Amino acid sequence: MSKLVIFLPDAGEVVYDLTEAKVSVGRTDDNVIHINDPSVSVHHAELALSGGEYVLRDLGSTNGIRVNGKPVNDAKLCPGDRVRFGSVEGVYEPDAKAASLPLPPREEALPVPVGQSQRPSDFGNASPFARKAAKADSVKMAALAAGIIAIGVCIVAIFLALTLQMPVF
């Protein structure tokens, strides 16, 4: 039997056995799963059994539903999915019999030669090391060198001016 475990701030963990084909979730008492929280709408969502699996649908709630942190309008629930109704979280636990089905037969994977490899456009560097600095701009380097030379010439001129001796009359 599939279950929905809801984590309520004031009541702790509450386990709901999903025994019906349609299970309503909301803030009022007429829902199968009653969640008394201001972030949950009166009729927030519905779990519908389809092909042996539950599908979660938003019923136009104010704060929406999330599955594994992503906002959705409807989603097929998988084992261990984290669901969120407003600010109330829960976990979907499927029927133990459905989770223990045998794996499909293994198919042999054939290698395919690669024609040309390209870096994906959205590829990001996950390295903790900083990238090497780009080569310096030659115009900036020339301007910096000219500035350093000008400062040196000024210092030499000031030194020579101070060391000049005044003529005696």
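By contact I mean heavy atoms within 4.5 Å. With that settled, here are my notes on this predicted model.

**Entry 1, Leu49.** I began with Leu49, which sits in strand E5. Leaving aside its neighbours within four places in sequence, I found Leu49 in contact with Ala21 and Tyr54. I then looked up the spacing to Ala21: the two residues are 28 apart in sequence, yet their C-alpha atoms lie 4.9 Å apart in space. Is Leu49 buried or exposed? Neither label fits, because its relative accessible area is 41% and partly exposed covers the range between 20% and 50%.

**Entry 2, the sheet around E5.** Next I traced the strands on either side. E5 belongs to an open sheet of 5 strands, in the order E4-E3-E5-E6-E9, with mixed pairing. At the edges I noted strand E4 (33–34) and strand E9 (74–76), each of which pairs on one side only. In which sense do E3 and E4 pair? They run parallel, joined over 2 bridges. For Val25, I found the bridge partner in E4 to be Ile33.

**Entry 3, the core.** I turned to the nonpolar residues. The largest nonpolar core holds 22 residues, and those with the most contacts inside it are Leu4, Ile6, Ile33, Ile35, Leu47, Leu56 and Phe85. Several strands supply at least two core residues each, among them strand E3 (22–26), strand E5 (45–50) and strand E6 (53–58). Which strand gives the largest share? I noted E1, with 3 residues. This core fits a general pattern: in soluble globular proteins, nonpolar side chains tend to be buried together.

I picked Ile35 for a closer look. Beyond its neighbours within four places in sequence, Ile35 is in contact with Ile6, Leu8, Val25, Gly26, Arg27, Val40, Phe85 and Val88.

**Entry 4, a loop residue.** I checked backbone angles at Asn68, in the loop between E7 and strand E8 (70–72). Its phi is near 55°, a positive value in a residue other than glycine. Asn68 counts as partly exposed, because its relative accessibility is 34%.

**Entry 5, the surface of H2.** Last, I looked for nonpolar residues on the outside. Met141, Leu144 and Ile148 form a nonpolar surface patch, with about 310 Å² of accessible area together. Ile148 has its place in helix H2 (residues 138–163). Why does Ile148 count as exposed? Its relative accessibility is 55%, and the cut-off for exposed is over 50%.

Note on methods: Residues numbered from 1 in each chain as written. Predicted model: local features only at pLDDT ≥ 70, side-chain atom pairs only at ≥ 80, totals over all residues. Heavy atoms only, no water. Patch = residues over 30% accessible without salt bridge, like charges linked within 9 Å, V, L, I, M, F, W, Y side chains within 5 Å. Areas by Shrake-Rupley, 256 points an atom, 1.4 Å probe, with all protein chains shown as cover. Salt bridge = Lys/Arg side-chain N within 4 Å of Asp/Glu carboxyl O. Buried < 20%, exposed > 50% of the residue type's maximum accessible area, 1.4 Å probe, protein only. Core = buried A, V, L, I, M, F, W, Y, C linked by side-chain atoms within 4.5 Å. Pairing = 2+ DSSP bridges.
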